[in-house]
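Here's a quick tour of a single chain, starting with its helices and ending with its sheet. Have the structure open as you read.

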Amino acid sequence: MRDEKLASVLSLIPYPLSLIPYPLPLFPMLPVVQQLLVLQERDQRIRSLQRDLKEIPNLKIRAATRLADDEAAVAVARARVLEVELAIKNLDLDAQTRRNTIVRLKDQQFATRKNEEFRVMGLEIVRYEKDVHDLEDKEIELMEKLESVKPELVTALAKLAATKKLVDEEVAELTERTKHIEARLVDLTTERVTMVQSIDPSPFGMYERLMKTKGDSAIVMLENGICGGCHVRVVSGTMNSLKLNEAITYCEQCGRVLFIEG
Ligand SMILES: [Zn+2]
C-alpha cells in the first residue's frame, strides 16, 4: 500500500528526483547522494528478497516435518491393528487345526471296534472341542479389540490427510512465492543496471565498498545529530559540512555517507 502510494507520488516527479524514496528529504541533498540513496533502497530490497529466497527451501522442509508426527501416529495405529489381526488369524489357524483333529478322531472313533479306544478318543474329542471353544472365545475378545483400534487408525489417517493438504498448500504457495521473488529480482536488477549507469564511478565505487563492509547501509540519515548507521552523535564539523552541502559528508565514526532531512 505504501509502495503504491510512493509510486504514484514519484511518478509525478521527473528523474532523478522521481527516484528519491518517500519521505522526500526537505533539506538540500547532493544529487549524487540522492542517486546513491535510491540505489541503496533498491539494493536493500534486492538483498531482502534474496534472503527471503534463500529461506524458502528451509520453510519447505519445516512444512514437511509437520507431517512426521502424524505419520508416526498412523504407523502406531496401523501396527496395533495389524497386531490384533495377526493374533485373530493365529487363533483361527489353531482352532481350524483342532477342528481337523476332531474330524479325524471322529472318523477313527467310528472305525474302531475297541470300547477302550472309543472311550479315549471320545475324551480327546471333548478336550479338543473345549480348546476350540476357548479359542473362539478369545477370538471374539480380539474381534472386539479390533473394532476399538480400527477407529484410531481411521482418525490418525484423517489427521494425516488434513495435515498433508495444508502442507501441500503451503509448499505450493512457497513455490509460487519463489517464482514471484525471482521475477521481482530480475526487474530490480535490470533497474539497478540502468541506475548505476547514471552515477559517477568514483562515488559509486565508494558506495559499493561501504555496502560490502557495513552490510546494511552506506547512506544514512542524520537525525537530531545522531548517525542513522552507528547511532553516535557526529561532531559539529560534520554537521556543518552537511549543511554546506558542497561535498559528500561521511560519519566520522562509521564512515557511512550522511544526509540530513529538514
Ligand atoms: Zn555513523
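## A helix and what it packs on

This is a predicted model. A good place to start is H3, where Met121, Leu135, Ala156 and Met195 come out as buried. What do the buried residues of H3 pack against? Their partner is helix H2, which covers 31-111.

H3 itself takes in residues 115-197, so to speak the whole stretch of 83 residues. From first C-alpha to last, H3 reaches 118 Å, close to the 123 Å expected at 1.5 Å a residue.

## The chain as a whole

Stepping back, there are five helices and three strands in the chain. Along the sequence they fall into the pattern α-α-α-α-β-β-α-β.

How much of the chain counts as buried? Of its 262 residues, the figure is 13%. As for contacts with a separation of 6 or more, 68% of them are between residues 24 or more positions apart.

## The little matter of the sheet

The three strands make an open sheet in the order E2-E1-E3, and the pairing is mixed. E2 (226-227) and E3 (257-260) sit at the edges with a single partner strand each, so each has one side without a neighbour in the sheet.

Strand E1, residues 219-223, pairs with E2 in the antiparallel sense, over two bridges. Which residue of E2 stands opposite leucine 222? That would be cysteine 227.

Note on methods: Residues numbered from 1 in each chain as written. Predicted model: local features only at pLDDT ≥ 70, side-chain atom pairs only at ≥ 80, totals over all residues. Pairing = 2+ DSSP bridges. Helix = DSSP H or I, 4+ residues; strand = E, 2+ residues; numbered from the N terminus. Buried ≥ 20, exposed ≤ 12 C-beta atoms within 10 Å, placed from the backbone. Contact = placed C-beta atoms within 7 Å. Expected span 1.5 Å × (residues − 1).
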